[in-house]
Amino acid sequence: MSEKKKFERPVIKKVQTGMTNKFGTRTEFDPITHIDKVPVKELIEKHGSPLYVVSEQTIRSTYQDLYRAFSTRYPKVQMAWSYKTNYLDAVCRVFHQEGSWAEVVSGFEYDKALANGISGEHIIFNGPDKDEAALEKAITKKSLIHIDHFDELYSIIEIANELNITARVAIRINMDTGIFPQWTRFGFNYDNGEAWEVINRIMLQEKLELIGLHAHIGTYIMSALPYGVAASKLANLAASVEKKFGHNVKYIDLGGGFASKNTLKGAYLSGTDTCPSFDEYAEAITSALVRSEIKPEHLPMLILETGRALIDDAGYILGSVIANKRMPDGKRSMIIDVGVNFLFTSFWYEHKITPAQSFSHHTEDTIIYGPLCMNIDIIREHITLPPLKRGDHVVISRIGAYNMTQWMQFINLRPSIVMIDMDGKAHVIRENETLNTVKQNERIPEHLTDINKK
Ligand SMILES: *Cc1c(COP(=O)(O)O)cnc(C)c1O
């Protein structure tokens with residue numbers, strides 16, 4: 001028997017101008033009922049709502065696309081997975097199985113990479129905050145230490161001399177690549193000669209081996225050209241080192257920062273149309289390297305620390321409608337159970353949000369609120385959506401980067417995360433938090449054990 005059609009109240013809608021681009025207002029034509037062939041409804045019934053979902057298939061295919069774009073243009077390419085982008089062990093291990101090393105920016109991430117079975121020599125240690133204990137461990141384990149500032153350089157010299165072990169170091173270099181804003185707070189500046197200065201100091205140290213040069217020019221860089229500029233500046237330095245010291249750096253690391261297909265807030269066109277392809281980035285970078293002064297027999301390995309562009313598409317968060325409201329100004333609003341505490345990137349992106357069940361094609365401009373008692377908890381300020389009922393589900397796409405690391409346990413406990421494997425089987429890769437998760441690290445002073453006694 002076919003299901004009885006739901007009655008929908010007819011409404012008169014004011015024509016709104018100034019909100020659309022030339023392609024119209026419609027954002028969604030079809031519901032997303034399945035992820036990698038697993039029904040969304042079933043996932044929510046089994047694991048609750050909201051629920052993060054990670055597609056192993058999408059991780060692997062995206063990785064392979066990126067790797068192919070570079071390895072067909074350059075002889076030595078090595079990926080290093082950016083742990084802070086998503087450091088769930090299951091996610092990291094998929095990247096490691098594909099051949100990625102680990103790129104970490106704290107002692108905690110360093111230990112996580114070791115625990116995932118990555119050997120010290122395959123861990124790139126970035127970031128401005130590496131304490132002495134972490135540096136000591138990284139030097140001992142022969143990791144690739146990317147020096148961020150002079151104070152760190154001096155610490156490394158001291159520790160390496162004390163341990164009598166040669167530290168394998170690279171330097172992080174910032175520079176003008178023609179983009180704004182320039183990230184000058186990390187590393188040493190190229191354009192004012194600071195980078196060359198520090199290279200000269202490193203070359204004089206017996207217990208330091210300069211193995212690489214690194215730049216991470218920013219994030220969500222929507223053009224390939226700045227990467228060409230960065231690659232040729234790093235190649236210039238490598239050629240100068242070869243000329244002056246007869247020393248060849250083993251690698252040039254272009255960091256991360258490739259744009260994902262997400263749409264930035266206020267963007268006129270969708271990110272799927274504006275995001276450069278992996279081939280465009282690869283062309284800009286590899287062409288700068290092969291055209292450089294570096295002798296062909298000494299071409300360094302090219303390392304990439306791509307984060308968001310590799311994982312965004314593989315992540316989803318599923319949610320449910322809590323309520324619909326008509327605002328005093330007549331605008332429709334919808335409250336869902338996904339808040340900004342679980343979807344940090346909603347501060348930057350207009351996430352793609354799709355009903356998970358069939359819908360009518362009567363649509364209306366809607367504001368989507370999260371469930372938090374906090375005014376800034378807005379998931380989308382404008383989205384054209386059909387009416388959804390309390391309990392209906394939505395799928396928020398392209399959320400794999402940064403949301404599962406920059407999340408907050410605030411008001412609500414963090415939900416479960418499942419990974420759908422290559423055969424369409426869903427595995428819980430992080431259990432939902434419980435009251436005990438929050439309480440386990442708390443301690444109650446003796447005089448507060450009994451709340452009825454002062
Ligand atoms: C965050 C970070 C990355 C990854 O950046 P994406 O923009 O996610 O690609 C790579 N390298 C370093 C040093 C980083 O800090």
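Helices and strands here are DSSP runs, numbered from the N terminus, with at least four residues for a helix and at least two for a strand. That numbering puts Trp-348 in the loop between strand E14 (332-336) and strand E15 (353-355). The model is a predicted one, so everything below is a reading of computed coordinates.

Trp-348 is a handy place to start, since together with Phe-347 and Ile-376 it makes a nonpolar surface patch of about 310 Å². With a relative accessibility of 46%, Trp-348 counts as partly exposed, because that label covers values between 20% and 50%.

Stepping back to the whole protein, the secondary structure comes to 12 helices and 20 strands. The radius of gyration is 25 Å, close to the 22 Å that the globule rule gives for 454 residues, so the protein is as compact as a globular protein of that length. Along the principal axes, the C-alpha atoms fill a box of roughly 80 × 70 × 45 Å. Of the 454 residues, 51% are buried.

The surface also carries a patch of negative charge, where Asp-129, Asp-131, Glu-132, Glu-136, Glu-158 and Glu-162 gather. Two helices feed this patch: H5 (132-140) and H6 (150-163) each supply at least two of its residues. Asp-129, another member of the patch, is found in the loop between strand E6 (123-125) and H5. Asp-129 has a relative accessible area of 56%, so it counts as exposed, the cut-off being over 50%.

Turning to charges that do find partners, the structure holds 21 salt bridges. Side chains of opposite charge can pair when their charged atoms come close. One such pair is Arg-60 with Glu-98, whose side chains meet in a salt bridge at 2.9 Å, N to O. This pair links distant parts of the chain, with Arg-60 in helix H2 (residues 56-71) and Glu-98 in helix H3 (residues 89-98), 38 residues apart. Arg-60 has a relative accessible area of 12%, so it is buried. The pairing does not stop at two residues, as Glu-56, Arg-60 and Glu-98 are linked in a network of salt bridges.

A second salt bridge ties Asp-313 to Arg-398, the closest N and O atoms being 2.8 Å apart. Here too the pair links distant parts of the chain: Asp-313 lies in the loop between helix H11 (308-311) and strand E13 (315-326), while Arg-398 lies in the loop between E18 and E19, 85 residues away. The two partners sit in different accessibility classes. Asp-313 is partly exposed, with a relative accessible area of 22%, whereas Arg-398 is buried, with 18%. The line between these classes falls at 20%, which is why the two residues get separate labels.

Arg-398 stands out in its backbone as well. Its phi is near 60°, a positive value in a residue other than glycine. The loop that holds Arg-398 runs between strand E18 (393-397) and strand E19 (417-420). That loop between E18 and E19 is also the place of Ile-411, and Ile-411 likewise has a positive phi, near 70°, without being glycine. Ile-411 is partly exposed, with a relative accessible area of 49%, while Arg-398 is buried.

A further salt bridge joins Asp-392 and Lys-389, with the closest N and O atoms 3.7 Å apart. Asp-392 is buried, at a relative accessible area of 12%. Lys-389, at 42% relative accessibility, counts as partly exposed.

Two cis peptide bonds also deserve a mention. The bond from Ser-49 to Pro-50 is cis, with omega near 0°, and Pro-50 has its place in the loop between helix H1 (40-47) and strand E3 (51-55). Another cis peptide bond joins Phe-180 and Pro-181, where omega is about -5°. Pro-181 is found in the loop between strand E8 (167-174) and strand E9 (188-189).

How values were computed. Residues numbered from 1 in each chain as written. Heavy atoms only, no water. Patch = residues over 30% accessible without salt bridge, like charges linked within 9 Å, V, L, I, M, F, W, Y side chains within 5 Å. Areas by Shrake-Rupley, 256 points an atom, 1.4 Å probe, with all protein chains shown as cover. Salt bridge = Lys/Arg side-chain N within 4 Å of Asp/Glu carboxyl O. Lys, Arg positive; Asp, Glu negative; His and termini not counted. Charge placed at Lys NZ, Arg CZ, Asp CG, Glu CD. Buried < 20%, exposed > 50% of the residue type's maximum accessible area, 1.4 Å probe, protein only. Rg over C-alpha atoms; globule rule 2.2 N^0.38 Å.
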